[in-house]
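These are my notes on the model, set out as numbered points. Please read them with the structure open.

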Amino acid sequence: MSSERGKDIAEGSSTINDPGSDQQQPPTPSRYESQKRRDWNTFGQYLKNQRPPVPLSQCNSNHVLDFLRYLDQFGKTKVHLQGCMFYGQPEPPAPCTCPVKQAWGSLDALIGRLRAAYEENGGSPETNPFATAAIRVFLREVRECQAKARGIPYKKHKKKP
């Protein structure tokens, strides 16, 4: 063992076996952080694909609502239409032709992540298009519609004092 290598061991250096290990690896992002970054990139790509492309600085709640409606085509939650014979049944006995949509819980979580990502990427809370009343109303309507379609009455829980 050379005296230089012995000195490294005594001083607790981590460069003995790996010369590049003196650089700290950033911690692996959490599942939430990874999903938030993916969602942010997906939304950015959606805006770029609009005709004409929409710069993030000009994005408003209407763009967000269009994005949420666009996502419905990739949904997996069967939402029975009012005329469907299974409307209001939590577990229908047979398949039907009603559309599949994004589940309310998925949309709600998505908006939460995009709301945080917007501000982390330099947007101000006052101009956050994910935090508008229109988005809250849309999410409430989706929740109520999906609950009725599945026959599950949604009851708002009152806050305890």
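1. I start with a lysine side chain and its backbone partners. The side chain of K78 comes to 3.0 Å from the backbone oxygen of C98. A second backbone oxygen, that of C96, lies 2.9 Å from the side chain of K78. This is a predicted model, and the distances here should be read as computed from it.

2. The wider surroundings of K78 fit with this. K78 sits in strand β1, which covers residues 77-78. With neighbours up to four places away in sequence left out, K78 contacts C96, T97, C98, P99 and V100. Is K78 buried, partly exposed or exposed? K78 has a relative accessible area of 31%, and because buried requires under 20% and exposed over 50%, K78 is classed as partly exposed. K78 also has a distant partner in sequence: R150 is 72 residues away along the chain, yet the two C-alpha atoms are 8.8 Å apart.

3. A second pair has a sequence separation of 72 residues, namely A133 and S61, with a C-alpha to C-alpha distance of 8.9 Å. A133 belongs to helix α5, residues 133-149. Its relative accessibility is 44%, so A133 is partly exposed.

4. On the chain as a whole: there are 5 helices and 2 strands. Read from the N terminus, the order of elements is α-α-α-β-β-α-α. Of the contacts between residues at least 6 apart in sequence, 56% link residues at least 24 apart. The chain has 161 residues, and 29% of them are buried. Its accessible surface is about 11600 Å², with 52% of that contributed by carbon and sulfur atoms.

5. K36 deserves a separate look. This lysine is in helix α2. Which side of the burial cut-off does K36 fall on, buried or exposed? The relative accessible area of K36 is 3%, and since buried means under 20%, K36 counts as buried. The K36 side chain has a polar contact with the side chain of E33, at 3.2 Å. Beyond four places in sequence, K36 touches R113, A116, A117 and E120. Helix α4 spans residues 104-120.

6. The peptide bond between R51 and P52 is cis, with omega about -5°. P52 is located in the loop that runs between α2 and α3. I would ask the authors to mention this bond in the text.

7. The largest pocket holds about 270 Å³ of space. Its lining has 14 residues, and those closest to the centre are D39, L71, Q102, L110 and R113. R113 is also one of the residues touched by K36.

8. Which elements each supply at least two residues of the lining of the largest pocket? They are α2 (31-48), α3 (61-71) and α4 (104-120). The largest share comes from α4, with 5 residues. By residue class, the lining of this pocket has 6 nonpolar, 5 polar and 3 charged residues.

Notes
Residues are numbered from 1 along each chain as its sequence is written. This is a predicted model: local features need pLDDT of at least 70, side-chain atom pairs count only at pLDDT 80 or more; totals for chains, interfaces and linings use all residues. Side-chain values use heavy atoms; hydrogens and water are left out. On a 1 Å grid over the protein atoms alone, a cavity is a set of points where a 1.4 Å probe fits but cannot get out, and a pocket is an open set with protein on both sides within 12 Å along at least five of seven lines; lining residues have an atom within 4 Å of a point. Grid points are joined across faces, edges and corners, and a volume is the space filled by probe spheres set on the points. Helices (H or I, at least four residues) and strands (E, at least two) are DSSP runs, numbered from the N terminus. Ala, Val, Leu, Ile, Met, Phe, Trp, Tyr, Cys and Pro count as nonpolar, Asp, Glu, Lys and Arg as charged, and the others, Gly among them, as polar. Buried means under 20% relative accessible area, exposed over 50%, partly exposed in between (1.4 Å probe, protein chains only). Contact means heavy atoms within 4.5 Å. Accessible areas come from the Shrake-Rupley method with a 1.4 Å probe; for residues, only the protein chains shown count as cover. A polar contact is a pair of N or O atoms within 3.5 Å; within protein, one must be able to donate a hydrogen and the other to accept it, and residues adjacent in sequence count only if both atoms are side-chain atoms.
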